[in-house]
2 protein chains.
Amino acid sequence: MNFSSKLLEDAVNEFSKLPGVGQKTALRLVLHLLNKEQEEVNQFGNTFIKLKQQIKHCSTCHNISDYAVCEICTSPKRDKETICVVEDTRDVMAIENTGQYFGVYHVLGGLISPMDGIGPSDLFIDGLIVRMAAGGIKEVILALSPNMEGDTTLFYLYKRLKEFNVPVTTIARGIAFGGELEYTDEITLGRSIVTRVPYETAMMK
Amino acid sequence: MNFSSKLLEDAVNEFSKLPGVGQKTALRLVLHLLNKEQEEVNQFGNTFIKLKQQIKHCSTCHNISDYAVCEICTSPKRDKETICVVEDTRDVMAIENTGQYFGVYHVLGGLISPMDGIGPSDLFIDGLIVRMAAGGIKEVILALSPNMEGDTTLFYLYKRLKEFNVPVTTIARGIAFGGELEYTDEITLGRSIVTRVPYETAMMK
């Protein structure tokens, strides 16, 4: 692209670095910002700088937080004996939105992925082991995405957690609500037959 | 969405204000930024603030520029006797990318749109009239998008430019390169027959 201005080009390039944003989209976003008042643009830019400067990770569960320990870990309403292990903050938000989980979390900060050079030591697994070793945990739920990296991490965690003699569960895999049986892949469908559940359990709210 | 952090929520809201960016996309972009170094995030934020503070509009053609007069208007290689009138900077870039135009531009900064409350006085039309009145212009090319607002603006400009007795042309409308004749709408196809051009002209590079 030929830009009439170096400043414009710099701004477009900054947006283009974001995932899923191409040059044309970036240009549209920059021109949108240019139509705003200086004050609004300042706020736009400074919000991200402030976020990066001030954001913390909960010292217990490693979730993103404004405080040293996050609101879920400090809440007296949450069941501290159940830990749900997830990949990142987005998964915490997704599970919180269901309104079906009342325990606490542990955020790994990623999944084991040898292809991307991410090993167990790059994740916050040691913190989980420390929490387990401290005792008082009655169940660990592994809520990881059902893909290659998720399954590798699942297997690794399962082996590490065995020594604590605490039940380790994983979220159910099967056909999504609203899904069509005939279009479901064989692995999912086959597994959903093997791991079938009593009607009363499945229909429970 | 339930955010675990106010800072995170603020950042997501800033991205969500941009056109075509929803909350889920915004969250993905914010988490991507959070994984960067503080310095990179500072650069990201400050680029837009600096852009808004320092950007200029060319005093001649009103295109976005780093200088008081843009590089196209000052270039000795450009034909100053031909003015191409466009809606905004994106159109200048699009035409420049074709490598087929060597005149100068005039950027209107929008199109007449009574529905959105944008009248002729909101656009940089007076500057165009001043340039015409100064003399030495041999052709005005109106390169506006072929939609309701574009056609309204075209009609208005044509009436205003009449008094200068300079040829006023518009970019050709017709079937786009690679388009299928049978799927082309009736208005476009009908017009493309009425405004047919000699084979030699059409095939000229």
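## A tour of the A–B interface and two sites in chain B

Chain A and chain B bury about 5,100 Å² between them, and 69% of that area is on carbon and sulfur atoms. The model is predicted. Begin by showing both chains and selecting the residues in contact across the boundary: 51 residues come from chain A and 51 residues from chain B.

**Stop 1: three residues of chain A.** Select L7(A), F48(A) and K52(A). Together they supply 14% of the area that chain A buries against chain B, more than any other three residues.

**Stop 2: the elements of chain A that face chain B.** Colour α1 (6-16), α2 (23-34), α3 (38-54), β2 (64-65) and α5 (89-98) of chain A; each supplies at least two residues of the side of chain A that touches chain B. Then keep α3(A) alone, since the largest share of that side, 15 residues, comes from α3(A). Recolour the side of chain A that touches chain B by residue class: 22 residues are nonpolar, 16 are polar and 13 are charged.

**Stop 3: polar pairs across the boundary.** Which salt bridges does the rule find across the interface of chain A and chain B? It finds zero. Polar contacts are another matter to display: the count between chain A and chain B is 14 residue pairs, with both residues at pLDDT 80 or more.

**Stop 4: C84(B).** Move to chain B and select strand β3 (residues 79-86), where C84(B) lies. Is C84(B) buried or exposed? C84(B) counts as buried because its relative accessibility is 2%, below the 20% cut-off. Show its surroundings next: leaving out residues up to four places away in sequence, C84(B) touches I95(B), Y101(B), V104(B), Y105(B), H106(B), I141(B) and A143(B). For a distance across the chain, pick the C-alpha atoms of C84(B) and H32(B), which are separated by 41 Å and lie 52 residues apart along the chain.

**Stop 5: L157(B).** Select helix α7 of chain B, residues 148-161, which contains L157(B). With a relative accessible area of 1%, L157(B) is buried. Display the side chains around L157(B): apart from neighbours within four places in sequence, L157(B) is in contact with V85(B), L108(B), I125(B), L128(B), L142(B) and L144(B). Finish with a second distance, drawn from L157(B) to T195(B): the C-alpha atoms are 21 Å apart in space, and the residues are 38 apart in sequence.

Notes: Residues are numbered from 1 along each chain as its sequence is written. Chains are lettered from A and ligands numbered from 1 in the order in which they are written. This is a predicted model: local features need pLDDT of at least 70, side-chain atom pairs count only at pLDDT 80 or more; totals for chains, interfaces and linings use all residues. Side-chain values use heavy atoms; hydrogens and water are left out. Helices (H or I, at least four residues) and strands (E, at least two) are DSSP runs, numbered from the N terminus. Buried means under 20% relative accessible area, exposed over 50%, partly exposed in between (1.4 Å probe, protein chains only). Contact means heavy atoms within 4.5 Å. Buried area is the accessible area (1.4 Å probe) that two parts lose on being put together, summed over both. A salt bridge is a side-chain nitrogen of Lys or Arg within 4 Å of a carboxyl oxygen of Asp or Glu. A polar contact is a pair of N or O atoms within 3.5 Å; within protein, one must be able to donate a hydrogen and the other to accept it, and residues adjacent in sequence count only if both atoms are side-chain atoms. Ala, Val, Leu, Ile, Met, Phe, Trp, Tyr, Cys and Pro count as nonpolar, Asp, Glu, Lys and Arg as charged, and the others, Gly among them, as polar.
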